Amino acid sequence: MYVPLLVLILNSFNQSNISSWPIETFSFTWWEFAATYQPIRTALLNSIIVATGSTIIAAILGTLVAFALKGYEFFGKGTVNLLVVLPIALPGVVTGVAFSNTYNNFLSPAGFNIGYFGMIVAHATFCIVMVFNNVFARLKRMNPSLQEASADLGAGLWQTFRLVTFPQFRTAFVAGALLAFALSFDEVVVTIFTAPPGVDTLPLWILKEMSRPNQASVVNVVATVVILISLIPVFISQRLTRAQDEGK
Amino acid sequence: MSTNTTKGGTKPISAYLYKHARVRLIGLIGLPMFWIVGVYIFSLFLLLITAFWFVDPFTSKVIVGFTLENFISIFTVPAYISTSIRTLLIALAVTGVSVIFAVPLGIYMAKIARPWVRNALAVAITLPLWAGYLVKIIAMRLVFTEQGFFNWALAPLGISGPTFSIPIVILTLTYLWFPYMALPVFTAIRQIPPNLFDASSDMGAKGFTTIYRIVLPLIVPAIIAGSVFTFSLSLGDYLVAKFTGGSTQMIGSIIASNINLNPPVAAAFSMVPIAFVVIYLMVARRTGSLERM
C-alpha cells in the first residue's frame with residue numbers, strides 16, 4: 001500500500017520535468033519552485049481558511065449532536081444518527097452537485113451570491129460526523145454522576161460544562177476536530193462543484209495541473225505537502241485518543 | 001453567572017433547564033438539525049426538483065417547468081444504462097476484492113500476529129486513509145503509467161503491466177477505500193473469544209472450516225458496515241475513472257460533465273447513486289450493523 005506513495009514522494013525530488021521511474025537525478029529544484037510559486041501559495045491559504053472555518057462549525061455542531069444523542073431518548077434518534085452520517089455516506093459528487101445546484105440555480109437567481117462561503121458550508125456539513133463520532137464515543141464512557149454532583153454543589157449548567165464535563169472529553173473533541181480539518185483539507189470532489197470561479201484549494205490546484213502534462217514534478221511536490229499536512233493532524237489525533245484510552 | 005441571585009433562587013436559567021429536559025434537548029439538537037436538514041437535506045430536495053426541469057435547446061438556459069424527460073433518458077439511452085450497470089459492477093467488485101483481502105488480513109492481525117506487529121499493521125492500515133484522495137490517484141498513475149514503476153519492476157520478467165482501464169480503476173478504488181473495510185473487520189475478529197477457535201479445532205474442524213463456519217458468520221455485520229463505505233464511495237467516484245480508467249465512464253462522469261451544460265440531467269442522474277446507496281443503507285440498517293459505524 002505504501003509503494004505508490006513512496007514512488008510519488010521520491011518523484012517530488014526528480015529533477016526532470018516529467019515523472020518517471022527510475023529517477024535519474026535527485027534535486028530540490030521543484031521544491032524551491034513550489035515554495036515561491038504564487039498560485040500554490042494562494043491555494044494553500046485557501047485550503048487552510050476553508051479547513052479552519054469548516055472545522056470550527058463542525059466542532060460545535062458535532063458536539064451538540066453528540067450530547068443530544070448521549071443524554072436523551074427521543075423519537076427519531078436513529079434518524080438523527082443516520083442524518084449525521086449521510087453527508088459522507090452519499091457519494092461526494094452527489095453532495096457537490098446538490099450544493100452547486102442550490103447555489104447556482106436557486107440562491108444566485110434570488111440575488112444571493114454565496115461565493116467563497118459556499119465551500120465552507122459544504123465542507124462543514126460532511127465534517128460534522130468526524131467530531132460527532134469522537135465526542136460521542138467518549139461521552140458514552142463518561143460517568144454522568146459527576147455532572148449531577150456538580151449540579152448538587154450548586155454549579156450552573158455552563159459552569160458544570162466548563163469545569164466538569166468539557167475537561168473529560170477535551171481530547172476527544174480536539175481529536176475529532178483535527179480529523180475534520182484533515183478531511184476538509186484533503187477533499188476535492190465537493191470542492192470542484194462548490195468553489196467559486198477562480199478560487200483554488202490545494203487539491204483543486206493539483207487536479208487542474210493533472211489535466212496538463214507539463215509540470216508533473218511540481219504536482220508531486222504539492223502532493224507530498226498535502227500528504228504531510230493531512231497526516232500530521234491525524235497522527236496527533238490518534239496519539240491523543242490513545243493516550244486518553246491508556247490513562248483510563 | 002455564579003453570583004446571580006434573583007428572586008427565583010440562584011441561577012434561574014440553569015434551574016429552568018434542569019427541570020425541562022425537552023427544552024434542553026431542543027437547545028442541543030436544534031442548531032445541528034437546522035444545519036443538516038435545512039442546508040443539506042433541503043439541497044438534496046432542491047436537486048430532486050431541478051431534475052424535473054429542462055434546458056432550452058437554443059439558449060441552453062435552465063427552464064423551470066415539469067418534465068419526466070430526464071428520468072426517462074436514464075432508463076432509455078443505451079449509453080446511460082450501460083454506464084449505470086458498469087458503475088454498479090465496479091462498486092461491487094471493489095467491495096468484493098476488499099472483503100477478500102480484509103478477512104485473511106484481519107485474522108492474521110487479530111489472532112496470529114504478535115502485539116507489536118498487530119499495532120504496526122493497524123497504524124499502517126489507518127494512515128493511508130488520510131494520505132489524500134487525489135494524492136493516491138496520482139500515486140497510482142505514477143505506478144501504472146507506461147514508463148512507471150510497475151512496468152519497470154516487471155520488465156526483467158518480460159511482463160508489461162495493464163494500461164489504464166477498468167481493472168486499474170477497480171484496483172485504485174480498492175486501494176483508496178480498503179481501510180474502511182479492513183478496520184471494522186479487524187475489530188470484529190479481535191472481539192471473537194479465543195475459546196471459539198479452540199472449541200472448533202477440538203471438534204476436529206480444520207482451519208478453513210473454522211473460518212467459514214465460525215469466523216465469517218460472526219463478522220458479517222462488520223463486513224456490511226465496511227461495505228457501505230467501499231460500495232458507496234466507489235459508486236459515486238469519477239476522478240479515479242478519469243485519471244486511471246482510460247476512457248472508462250462512470251455515473252459520476254455523466255453527472256460532472258452535465259452540471260454546467262444541463263443541470264437538470266445532472267440532477268436526475270444524481271438520483272441514481274442516491275437510490276443505490278439508500279437501498280444499500282436500508283438493507284444494512286435492517287441487519288443492525290450501522291451501530292458499528
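Tutor: A crossing of two helices is right-handed if the near helix is turned clockwise from the far one by less than a right angle. Keep that in mind as we look at this predicted model.

Student: Okay, which crossing gets that name here?

Tutor: Helix α3(B) passes α13(B) in a right-handed crossing. The axes of α3 (residues 69-76) and α13 (residues 263-286) of chain B come within 9 Å and cross at roughly 55 degrees.

Student: What makes α3(B) oblique to α13(B)?

Tutor: Set the angle of roughly 55 degrees against the cut-offs: under 35 is roughly parallel, and 65 to 115 is roughly perpendicular. The value falls in neither range, so α3(B) counts as oblique to α13(B). On the α3(B) side, B:Asn70, B:Phe71 and B:Ile74 make the contact, and their partners on α13(B) include B:Pro264 and B:Phe269.

Student: Now chain A. Why is A:Asn134 called buried?

Tutor: Being buried takes 20 or more other C-beta atoms within 10 Å. A:Asn134 has 27, so it's buried. You'll find A:Asn134 in helix α6 (residues 116-141) of chain A, touching A:Ala172, A:Ala175 and A:Gly176 among residues beyond four places away in sequence.

Student: And the largest nonpolar core: how do you know where it lies relative to domain 1 and domain 2 of chain B?

Tutor: Both domain 1 (5-50) and domain 2 (71-292) of chain B give residues to this core, so it lies between them. The core has 146 residues, and A:Val97 and B:Val185 are among those with the most contacts inside it. Helix α8 (residues 166-190) of chain B gives the largest share, 16 residues.

Conventions
Residues numbered from 1 in each chain as written. Chains lettered and ligands numbered in written order. Predicted model: local features only at pLDDT ≥ 70, side-chain atom pairs only at ≥ 80, totals over all residues. Core = buried A, V, L, I, M, F, W, Y, C linked by C-beta atoms within 7 Å. Buried ≥ 20, exposed ≤ 12 C-beta atoms within 10 Å, placed from the backbone. Helix = DSSP H or I, 4+ residues; strand = E, 2+ residues; numbered from the N terminus. Domains from an automatic or database assignment. Contact = placed C-beta atoms within 7 Å. Axes fitted to C-alpha atoms, helices over the stretch in contact; angles between N-to-C directions. Parallel < 35°, antiparallel > 145°, perpendicular 65-115°, else oblique.
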